[in-house]
Amino acid sequence: MRQESPPELPLPFGAILERNFKAPVVVTEELAEVWRAHFSKDVSIRVGEGSSRLGRLRHGTLGASVITVLRAGPHSLSARPSPGHGDVHLLLVVSGSAVLEQDGRRAEVPCEGLVCLDSGRRFSLALPEKCSLVAIRVPHAALRLRAVDTVHVTARPWAREPGLPTVVAEALLEFGQYVDDLHDDIADLIGGSFVNLLAMLLMQARGVAAEDAGPSREAQLTEVMRYCVEHLDDVDLTPVQVARAHYMSVRRLQQLFAERGTSPARWIRAERLARCHDDLCNPAKRHLSVAAIGERWGLLNASHFSRQFRSQYGVTPSELRNLLLVGAA
């Protein structure tokens with residue numbers, strides 16, 4: 001009877017990369033040039049004592065993105081802030097480990113971990129042991145992000161677990177192996193798809209980080225209400241816009257208002273109607289038409305405004321104004 005062979009176990013990331021990693025040898029002294037080219041800015045490099053003097057390097061492009069695959073001995077790097085001249089960088093630790101410090105956080109990134117940094121702000125990256133990395137640089141514009149939008153996601157590592165982080169990590173690993181074998185047109189298409197994938201990962205992480213690390217629920221609600229009051233005259237003030245401005249999901253926003261027995265849309269509408277009521281009762285604003293007062297507070301549809309006002313106050317805006325005029329006569 002033929003004995004069946006045991007099933008092959010999937011190779012770890014490091015073994016996969018080592019098997020396919022054929023690149024020029026880079027001496028330790030050239031690490032500074034490697035990282036300066038990757039970050040497109042000056043960086044300070046410090047090599048650990050007894051560090052191997054040899055490493056391996058692979059560069060390539062995926063559309064607007066630049067990808068760097070590096071194997072090297074222990075070293076660290078740091079960079080000063082350069083506002084307006086940064087990019088988003090995603091690092092995959094294939095073997096070894098890394099420690100990233102940015103935006104007041106310190107992230108210890110294990111083997112197979114992902115982490116993000118923004119090269120427009122001060123950061124430091126330590127690689128305390130022999131390691132292999134795949135790093136990709138993506139312009140803010142390609143991700144439709146501003147530098148301020150990345151504050152919530154830097155130095156917050158993703159573990160290799162089921163979900164979007166694993167999809168991104170495995171895609172990045174594949175790019176690292178074959179990036180210099182791809183035709184330019186194919187690389188551009190793949191790069192665009194990966195940027196969309198990375199944008200989804202960062203959007204997801206921004207929402208979670210803002211909710212987990214933010215102030216108390218009561219403080220959040222107070223801040224949201226203050227923001228809404230300041231923008232009541234903005235016709236584009238909607239729950240979606242408010243949630244986006246506070247880096248939270250619409251569901252989270254609804255939960256905050258639910259604790260007050262209302263919803264974001266109902267609360268905004270009530271506040272707008274209250275401002276309209278105040279203006280209608282103000283003698284100094286009698287020269288304004290009812291429609292103009294509604295428009296002043298983001299209520300552009302006159303008939304809709306009238307119905308909502310009557311539902312809240314028992315009279316239409318015109319009826320309230322006439323009652324006030326009769327009372328003043």
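**Cores, salt bridges and a sheet**

User: Which residues touch the most other members of the largest nonpolar core?

Analyst: Of the 30 residues in this core, Leu90, Leu172, Phe194 and Leu202 touch the most other members. A nonpolar core is a set of buried Ala, Val, Leu, Ile, Met, Phe, Trp, Tyr and Cys residues joined through side-chain atoms within 4.5 Å. The model is predicted, so local features need pLDDT of at least 70 and side-chain atom pairs count only at pLDDT 80 or more, whereas totals for chains, interfaces and linings use all residues. Residues are numbered from 1 along each chain as its sequence is written, and side-chain values use heavy atoms, with hydrogens and water left out.

User: Which elements each supply at least two residues of this core?

Analyst: They are strand 4 (65–72), strand 6 (88–95), strand 9 (114–118), strand 11 (131–138), helix 4 (164–178) and helix 5 (184–213). Helix 5 gives the largest share, eight residues. Helices (H or I, at least four residues) and strands (E, at least two) are DSSP runs, numbered from the N terminus.

User: What does Leu172 touch, not counting residues up to four places away in sequence?

Analyst: Leu172 touches Ile67, Leu90, Leu92, Leu114, Val134, Ile136 and Phe194. Contact here means heavy atoms within 4.5 Å. Separate from this core is a second one of 26 residues, which includes Leu221, Met225, Met248 and Leu273.

User: Why is Asp279 called buried?

Analyst: The relative accessible area of Asp279 is 6%. Buried means under 20%, exposed over 50%, and partly exposed in between (1.4 Å probe, protein chains only). Asp279 is therefore classed as buried. Asp279 lies in helix 9 (residues 264–281). Leaving aside neighbours within four places in sequence, Asp279 is in contact with Lys285, Ile293, Arg296 and Trp297.

User: What makes Arg36 and Asp42 a salt bridge?

Analyst: A salt bridge requires a side-chain nitrogen of Lys or Arg within 4 Å of a carboxyl oxygen of Asp or Glu. The closest N and O atoms of Arg36 and Asp42 are 2.9 Å apart, so the pair satisfies the definition. Arg36 counts as partly exposed at 30% relative accessibility, whereas Asp42 is exposed at 58%. A search of the whole structure finds 12 salt bridges.

User: How do you know that the side chains of Arg106 and Glu108 meet in a salt bridge?

Analyst: Their N to O distance is 2.7 Å, and this pair therefore meets the definition as well. Both residues are classed as exposed, because Arg106 has a relative accessible area of 52% and Glu108 one of 57%.

User: What separates Glu271 and Arg275 in helix 9?

Analyst: Being four residues apart, Glu271 and Arg275 are separated by about one helical turn. They form a salt bridge, with the closest N and O atoms 2.9 Å apart. Arg275 is partly exposed, at 21%. Elsewhere, salt bridges that share partners join Glu33, Arg36 and Asp42 into one network.

User: Why are strand 2 and strand 8 called edge strands?

Analyst: Five strands form an open antiparallel sheet in the order 2-5-10-7-8. Strand 2 (44–47) and strand 8 (105–109) each pair on one side only, and these are the edge strands. The twist averages 10° from one strand to the next.

User: How do you know that strand 5 and strand 10 pair?

Analyst: Two strands pair if DSSP finds at least two bridges between them. Strand 5 (residues 75–79) and strand 10 (residues 123–127) pair in the antiparallel sense over five bridges, so the condition is met. One bridge links Leu77 to its partner Leu125 in strand 10.

Definitions and conventions: Axes are lines fitted to C-alpha atoms, for helices over the stretch in contact, and angles run from 0 to 180 degrees between N-to-C directions.
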